[in-house]
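Subject: the model we talked about

Hi,

Here is the structure I promised to pass on. Have a look at it first, and my notes follow underneath.

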Amino acid sequence: MEIDQRRLRDDLETTASFGAIDADDGHGRTVLTGTEADQQARDYLCERLQEAGLEVRIDAVGTIVGRWTPASAEPDAAPIAAGSHLDSVPAGGIFDGPLGVYAALEAVRTLQETERALDRPIEVVSFTEEEGTRFGALLGSSVAVGERSPATALERTAADGTTLEDALIEIGYHGDATIDAAAWDAWLELHIEQGRRLERAGTPVGIVSAITGILHLDVRIDGEANHAGTTPMAYRTDPPAAAELVLAVEDAATDLLAESDSVVGTVGRLEVTPNATNVVPGTTRLGIDIRDVTAATMTAVRQRVEETLARLERERGVETTLRETVAIDPVPMASRCQEALHRSAEHTGIDAPTLHSGAGHDSMHVAAVTDAGMLFAPSKAGLSHSPAEWTDWDDCAQATAVLATALADLATGSPAD
Ligand SMILES: [Zn+2]
C-alpha cells in the first residue's frame, strides 16, 4: 500500500499550527476542548474529510466521524472505524492524537486510489477530549460506548466555570448525530508509543497486545513519634517499617516478572511526619502504583503489600491502613485485530514486535463494545506530552501503510489485493 507521505505530513503540520506554542526545541501545541485552536483543528479536519468525499457527522459531545462507503461495499454493513483525538495536554506535542486521526484519513485516501474492493464502509474518527485537561479524560469515547450519557457529559464543567455544552456551542461542535461504537465491526487506533521500545528495536511499527491496568494504593503506617536522642532502639515503634514496605513492593514486582514481564510496582510518594531529622517519625504515608496487562499479577503484588503490612503490625507494633484510590482493569486488544495488524505488517515488509501500552487511550473504552486493536509508531527518546515529542515522517508513513492494509484486511478478510 503506497502512502502519500507528503499529504499526510501536510495535514499533520497544518494541525500542528493550531494552538502552536513557542518552544526552544521542537514543536509544541496547546489544544484544549472548546478553545479557538480546537475549533481550527476541527474545522480543518472536517474540510479534509469532505474533500476526500467522506460524509461527516458530529455527536452531542463534538466527536467527529467521517464515513466512506466504497462502491463495492454493502452500505448498511457494520463499518470498520479508525482514528484517535485532536486535543492535547497544555504544551503538548504534535503527534499524540493527530497522527492517529490523519493516518486513518490517509489510509482511506490511499484505499480510494488503490480501488481495493472493500465489503464494508470505513469511518474516520476524532474523539473529543481524550487528554482530559478541561472536562475529563477519554470523554468522547465514554459517550460513544454508552458508558456515560451525552447529558451527563455535557454538564461537565471546566475550572473556569464553562460547561462542555457551552464550550461546544461556542465553537459550533454541539452536534445532533449519534455515534455508537458498538455499531462498528472493528476499531483500530494508530498512536505514538510514548516509550523507547520501538526506537531501540529500530522498527517503525509495534502491535499492541493490551493496555495496562492501574492500581493505586494509599498506605498509612502509624507508630509513635519520639525524641531521636533519648528513645533507645529497643523502645521504638516507628516506620523503618515504611522502608520495609518500599522494598517489599520492589521485590514483589521483580519476583512476578517470571510470570509477566510487564508488571511494574512503584512507591512514588513517601510522606514522613513530622519529617524532622531529630524526631523518630510517628506516621508515614506511602503512595503505591501497580500496573500490568494481566489482573492476576496486579492482584499478586497487592497481596504481597497486604502480607507485608500484617507482618509489620506483628513484628514492629505499628498500625497500618490501606485504601485503594484507583483501580482500572487491564484491557486486552481483540485477537482478530492483532492478527490483522500482524498480517498487514508482514505484508508491508515490517517485522513488528508485540508490545503493551503503559498509557490509557480511547481504545480502552472501544474495546468494551467491539473488537479493538492498536498499533504504535516510535517516539524519539520515548518523549511525549512535550514539544520534544517526535516521530520521523518515514515512520509515520510506514505505520499508516500498515493501518491502511489492516483496514482493508478487516473489511475484506485479506491483507492482499
Ligand atoms: Zn493520545
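Before the details, a word on naming: helices (H or I, at least four residues) and strands (E, at least two) are DSSP runs, numbered from the N terminus. By that scheme, Ala210 sits in strand S8 (residues 206-211).

Two sentences on the ground rules. This is a predicted model, where local features need pLDDT of at least 70, side-chain atom pairs count only at pLDDT 80 or more, and totals for chains, interfaces and linings use all residues. Residues are numbered from 1 along each chain as its sequence is written, and side-chain values use heavy atoms, with hydrogens and water left out.

One more term, as I lean on it a lot: buried means under 20% relative accessible area, exposed over 50%, and partly exposed in between (1.4 Å probe, protein chains only). Ala210, for instance, counts as buried at 5% relative accessibility. Its C-alpha atom is separated by 8.7 Å from that of Met374, although the two residues are 164 apart along the chain.

The metal site

Which residues coordinate the zinc ion? They are His85 (NE2), Asp96 (OD) and His191 (NE2), at 2.0 to 2.2 Å. Donors here are N, O and S atoms within 2.8 Å of the metal (3.2 Å for Na, K and Ca); water is not among the atoms, so sites may look incomplete. Along the chain, the donors follow the spacing H-x10-D-x94-H. Asp96 and His191 link distant parts of the chain, 95 residues apart: Asp96 lies in the loop between strand S5 (80-85) and helix H3 (98-114), and His191 belongs to strand S7 (residues 186-192). Asp96 counts as buried because its relative accessibility is 3%, and His191 is buried as well, at 1%.

Around S5

S5 is mostly covered, with six of its six residues buried. Ile80, Ala82 and Ser84 point one way from the strand, while Ala81, Gly83 and His85 point the other way. So the zinc ligand His85 is on the side of S5 that Ala81 and Gly83 also point to.

For strand pairing, the rule is that DSSP finds at least two bridges between the two strands. S5 runs parallel to strand S6 (residues 122-127), and six bridges join them; Val124 in S6 is the bridge partner of Ala82. S5 also pairs with S7 in the parallel sense, over three bridges, and there Ala81 stands opposite Trp187.

S5, H3 and S6 together make a right-handed β-α-β unit. A crossover is right-handed if, with the strands pointing away from the viewer, the path from the first strand over the helix to the second runs clockwise.

Two helices

H3 has 17 residues and reaches 24 Å from its first C-alpha to its last, close to the 24 Å expected at 1.5 Å a residue. (The expected span is 1.5 Å times one less than the number of residues.) H3 is mostly covered too, with 14 of its 17 residues buried. Glu115 follows H3 and has a positive phi, near 55°.

Helix H10 (residues 335-348) has 14 residues and should span 20 Å at 1.5 Å a residue, which agrees with the 20 Å between its end C-alpha atoms. Its buried residues are Cys337, Gln338, Ala340, Leu341, Ser344 and Ala345. Seen down the axis of H10, these fall within an arc of 160°, so they line one face of the helix; the arc is that of the directions from the helix axis to the C-beta atoms.

Cysteines

How many disulfides does a search of the whole structure find? Zero, a disulfide being a pair of cysteine sulfur atoms within 2.5 Å. Cys337 counts as buried at 0% relative accessibility, and Cys396 is buried at 0% too.

Backbone oddities

Most residues other than glycine have a negative phi, and most peptide bonds are trans. Thr273 and Pro274 are joined by a cis peptide bond, with omega about 5°. Pro274 is in the loop between strand S11 (264-273) and strand S12 (279-280). Asn275 is found in that loop as well, with a positive phi of about 65°, and counts as exposed at 62% relative accessibility. Leu138, in the loop between S6 and helix H4 (139-144), has a phi near 55° and is buried, with a relative accessible area of 14%.

Cheers
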